[in-house]
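Visitor: I should like to learn how to read the features of a structure such as this one. May we look at it together?

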Amino acid sequence: MIDKQFKKEAFKESVKENVKFLYRKKLEEATQEQIFQAVCYTVKDVIIDNWLETQNAYKEQDPKTVYYMSMEFLMGRALGNNLINLTAYKEVKEALDELGLDLNVIEDQEPDPALGNGGLGRLAACFLDSLATLNYSAYGCGIRYRYGMFKQQIKDGYQIEVPDNWLKNGYPFELRRPEYAKEVHFGGYVDVEYDPATGSNKFVHKGYQAVKAVPFDMPIVGYNNKIVNTLRIWDAEPIVDFELDSFDKGDYKKAVEQENLARNIVEVLYPNDNHMAGKELRLKQQYFFVSASLQAAIAKYKKNHKDIMKLHEKVTFQMNDTHPTVAVAELMRILMDEEGLGWDDAWSVTTKCVAYTNHTIMAEALEKWPVELFSRLLPRVYQIIEEINRRFVLEIQEKYPGNYDKIKKMAILYDGQVKMAHLAIVAGYSVNGVAKLHTEILKKQELKDFYEMMPEKFNNKTNGITQRRFLLHGNQLLADWVTDHIGPEWITDLSQISKLKVYVDDEKAQQEFMNIKYQNKVRLAKYILEHNGVEVNPRSIFDVQVKRLHEYKRQLLNILHVIYLYDQIKKHPEMDFYPRTFIFGAKASAGYARAKKIIKLINSVADVVNNDASIEGKLKVVFIENYRVSNAEMIFAAADVSEQISTASKEASGTGNMKFMLNGAPTLGTMDGANVEIVDEVGKENAFIFGLSADEVINYENNGGYDPRVIYNTDDEIRQVLTELVNGTFSSDTELFRDLYNSLLNQNGGERADQYFILADFRSYAAAQKKVEEAYKDEKGWARMAMLNTACAGKFTSDRTIQEYVDDIWHLDKVYIK
Ligand code: 26Y
């Protein structure tokens, strides 16, 4: 099904027209960036028609709609993905070829819209793709940050953060919708006024600062189904224009403040992943987009529905972690103060409309706001939270009379803090974790008291990824090969991919599969040479760890093991060693000193190892600068080994693990997050599992930790590796890595020695790595294992995840476009 606009001749004409129209140039005179814009406008033209039709169909069929509320949408580039989902990629590629243009080069002109940090933001993006593809009415609701995730440069081995001005040249796929602007209010105070109309008191918010929220819509194209949904991201504008003469002095000051407030609110994405900083501006961002989104959703509902008490029949709000949880109180406020409902009615509607997804058990990621800050910034909303809390505490007391410990552990307001997770759980009609193990840990540990009190709310939704971006677009060679063998159904029904299992022992298929992997490795090697100046051998094992840098993800374990291998090769030059390339990619939060030190260590080890001629290129270490969605697609396609080595119990799910698996890279990992389910699907003989279990880790933690010094004192090789951190092997400054060294051996304040169990797992990791090497030497065995990973990845499509959300939580209706 090819839209008529994608007939080659028409397409070529349209691109030329757009270049002329936009830039007053002929095609030959245009820059690649200008051609990119022109191509996007041609594509957008097709999308707009489908977008209109979809929204008309929604109006007619009136399906229930999910609003996916998220501070982050890590979309990645849209052009290639849109062409893929319009099933026009190949035609457009050929048409551009005929114009002497290279689609890859044009795609490379697009900035990565990086309005997210990592897993949580990318999950939101995959969900939008699946919702549209599965014919569900959905909005993504977020913030149009002027600056997304920073660009990472590596200078002298250190991370430098460079602002990401992604809107610099204008983003061709967005649409400004000023007619849907909403006002959002901050600060001020609440007055109680007698309302003669109702004969009761009402609460009036006064003396606030106002900001105008202006939506920008981005099209979310479903795969081959004409559906186009909307990602609505909000920009902030000042409400008052500067008409100086119309202001007295007080208003002038206020006007300046409102102008500044608007300018600051959407300025930048906080680059913290799994770490709460507690900044006032962050709470402003949260309330800003939540309030605007709720107002818009309710206005839309009211256009063709009279009874606000039935809101939940047409609308559901999914809160992506606690970041948008102020939605609970804001919805209550709108229902009471603007729609005139009483408390009980408003609560009844709210608790049928909001649901909450938890993405982490890391204590430092839990959002808690000081009451002082919260009540000053959002006085009316805070008042409502107080009342929600008062009623909930009564419920606790009724259920557990005299048990004050329960109140301490579960209250929303406690110790001068607003606990956002508690608010989300109390109001949410569903609370879900993101992998089986994670949900079990929530129920048995982190949220135990809540689970005991309201078990019916808790459920699991194991994460997934979209195969359209991470196989069809990212690995076109493999995608074509899969389609040649089992047909194209896998594109919208990934369970079909299990049909590849019949080929895993077929030698021809094995060779083709591994040959594709080789070509993808050559492509990555070229990228590495261009971007890092390092030559890597595509015949070596590509062992890859790409993800945010965090201590719990244990990049440090990986690099310490590289040092260990280096020592081994130096000590036993004659030893059998299969060439290995260790590839890292990771951004560290700007303020996370230890994470940044780990980046420096990786680069320092790379410098020494890559330049040591005596090891004859057996070992290479590469740190890929500025890891992001666009280069991720290429990296997954080229990986032989997927490093998923978090301390068991710490990684809620992981989604990179699924992308590697789909692209035929076996997992080297701990029994953590979704790794557990990957092993369930592929079999543990087709993965390399090591390390403490989640239970063991939790057990140690509940009993005072463990003593890494015992290992240090008894294992000479481990001691040698650690010593090299501080003896000048990797830096002439022997103090440079002292903090890393100390973190592994010494308790520091409240922080235990080696709190992420790196030494505890080291030997088991090294043994698993040895098994990887042995397995890789067996070419056929490896090909079989790699193919099985692809063939068993069916469960990990976000289409499956979304269908589970629909069946168990959202209950949406399918809509078809004629
Ligand atoms: C509080 C704030 C600073 C904050 C900001 C970002 C807290 C957390 C985050 C991001 C969390 C995140 O990305 N979590 C990841 O979510 C993925 C999708 O569910 C999981 O696969 C992954 O294990 C989890 O770490």
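Guide: We shall take the domains, then the ligand, then a sheet. Please note that this is a predicted model.

Visitor: Into which domains is the protein chain divided?

Guide: There are two entries to read: domain 1 comprises 62-77 + 112-463, and domain 2 comprises 469-721 + 758-796. Their C-alpha centres lie 36 Å apart. To their contact, domain 1 gives 40 residues and domain 2 gives 34 residues.

Visitor: Which elements give two or more residues to the side of domain 1 that touches domain 2?

Guide: They are helix 6 (119-133), strand 3 (151-155), strand 4 (158-162) and helix 16 (436-446). By residue class, that side of domain 1 has 13 nonpolar, 19 polar and 8 charged residues.

Visitor: Where does the ligand lie with respect to the domains?

Guide: One reads this from the residues around it. Domain 1 and domain 2 both contribute to the shell around the ligand, so the ligand lies between them. The shell has 22 residues, of which Gly 119, Leu 120, His 359, Ala 652 and Ser 653 come nearest. Its composition is 6 nonpolar, 13 polar and 3 charged.

Visitor: What is the strand order in the open sheet of 3 strands?

Guide: The order is 13-15-14, and the pairing is antiparallel. Strand 13 (368-370) and strand 14 (413-414) are the edge strands, each pairing on one side only. Strand 13 and strand 15 (residues 417-419) are joined by 3 bridges, and Trp 369 is placed opposite Val 418 of strand 15.

Visitor: Which helix packs on the sheet?

Guide: Helix 15 (residues 420-427) does, touching strand 13 and strand 15; its direction makes about 45° with that of strand 15.

Definitions and conventions
Residues numbered from 1 in each chain as written. Predicted model: local features only at pLDDT ≥ 70, side-chain atom pairs only at ≥ 80, totals over all residues. Domains from an automatic or database assignment. Contact = placed C-beta atoms within 7 Å. Helix = DSSP H or I, 4+ residues; strand = E, 2+ residues; numbered from the N terminus. Nonpolar A, V, L, I, M, F, W, Y, C, P; charged D, E, K, R; others polar. Near = placed C-beta within 6 Å. Pairing = 2+ DSSP bridges. Axes fitted to C-alpha atoms, helices over the stretch in contact; angles between N-to-C directions.
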